Amino acid sequence: MTVDVSDLRDFYGSPLGQVTARLITNRIQTLWPDLHQQRLLGVGYALPYLEPYLTKTERVLAFMPAQQGVLPWPTEERSLTALTYEATLPLPNQSIDRILLVHSIEHAHNISAYLRELWRVMTDNGRIIVVAPNRRSLWAQLDFTPFGQGQPYTMTQLRNLLKANMFMPIHETRGLYLMPSSSRLLLASNNILESLGDRVLRKFSGVICIEAMKQVYMNPPVHHARHHRRTIAQLAKI
């Protein structure tokens, strides 16, 4: 079930959502500290994570799935958002340098078609970061936050999914060891929990993040080679 855009907006407007956005943003910026002269596309509900890059890239776009809904963003400037369908993005081939998926892949209806479309619009030296709920985390088990909706993944499952769809994982990170609670005490201790989680609770992080590159060259499937050999043999008999 896809989360409605108004629920996502309300979550990120809450104290828990604001801390969540900051913690995950720190992980993303560790992987992408500098996007100068890069064209950045956020897909899903990536608005809180695109904000730091607004003035540090050549261009920022935010696409939201039709089943989720769309909001204008930024609120006081010309909107950079668009309502789209996952298998038909309104962009030309190889037009985007970086793609950020948040609240996205876990809600995809046809994951292979979706990833193939993202592959199409990405430049040959492009990069993608996928942020997904961790199947082993408490966040994925509780449905009162957006991370408790949709299909959660383990790091191995997400890595294999990307490899199967022509993306080569190059970096992995985890984050959000904070308990999904509005307790002021817990929210105030988020930095301590994040540091502690990296050392002793890695497999139970709230989210997993993988950075991957576009795989341009692939070995031909085995059945193609067999068919080629059979065709040559058949022609030799003529």
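Helices (H or I, at least four residues) and strands (E, at least two) are DSSP runs, numbered from the N terminus. The model is predicted: local features need pLDDT of at least 70, side-chain atom pairs count only at pLDDT 80 or more, and totals for chains, interfaces and linings use all residues. Residues are numbered from 1 along each chain as its sequence is written, and side-chain values use heavy atoms, with hydrogens and water left out.

**Exercise 1.** Locate Gln-37 and describe its phi.

Solution. Step 1: Gln-37 belongs to the loop between helix 2 and strand 1 (39-44). Step 2: its phi is near 65°, a positive value in a residue other than glycine.

**Exercise 2.** Determine how helix 1 and helix 2 are arranged and which residues make their contact.

Solution. Step 1: helix 1 covers residues 5-13 and helix 2 residues 15-31; they pack at an angle of about 85°, with axes 4 Å apart. Axes are lines fitted to C-alpha atoms, for helices over the stretch in contact, and angles run from 0 to 180 degrees between N-to-C directions. Step 2: angles under 35 degrees count as roughly parallel, over 145 as roughly antiparallel, 65 to 115 as roughly perpendicular and the rest as oblique. Helix 1 and helix 2 are therefore roughly perpendicular to each other. Step 3: contact (heavy atoms within 4.5 Å) involves Phe-11, Tyr-12 and Gly-13 of helix 1, and Pro-15, Leu-16, Gly-17, Gln-18, Thr-20 and Ala-21 of helix 2. Step 4: these residues divide into 5 nonpolar, 4 polar and no charged. Here Ala, Val, Leu, Ile, Met, Phe, Trp, Tyr, Cys and Pro count as nonpolar, Asp, Glu, Lys and Arg as charged, and the others, Gly among them, as polar.

**Exercise 3.** Give the strand order of the open sheet and find its edges.

Solution. Step 1: the 7 strands have the order 3-2-1-4-5-7-6, with mixed pairing; two strands pair if DSSP finds at least two bridges between them. Step 2: strand 3 (81-84) and strand 6 (167-175) each have a single partner strand, so one side of each is left without a neighbour in the sheet. Step 3: from one strand to the next, the twist averages 20°. Step 4: helix 6 (residues 155-164) packs on the sheet and touches strand 5, strand 6 and strand 7 (207-214). The direction of helix 6 makes about 155° with that of strand 6.

**Exercise 4.** Describe the largest pocket and a cis peptide bond in its lining.

Solution. Step 1: a pocket, on a 1 Å grid over the protein atoms alone, is an open set of points where a 1.4 Å probe fits, with protein on both sides within 12 Å along at least five of seven lines; lining residues have an atom within 4 Å of a point. Step 2: the volume of the largest pocket is about 280 Å³, a volume being the space filled by probe spheres set on the points, which are joined across faces, edges and corners. Step 3: the lining includes Arg-9, Tyr-12, Trp-73 and Pro-74, and divides into 8 nonpolar, 1 polar and 2 charged residues. Step 4: helix 1 and helix 3 (47-50) each supply at least two lining residues. Step 5: the peptide bond from Trp-73 to Pro-74 is cis, with omega near -10°. Pro-74 lies in the loop between strand 2 (59-65) and strand 3.
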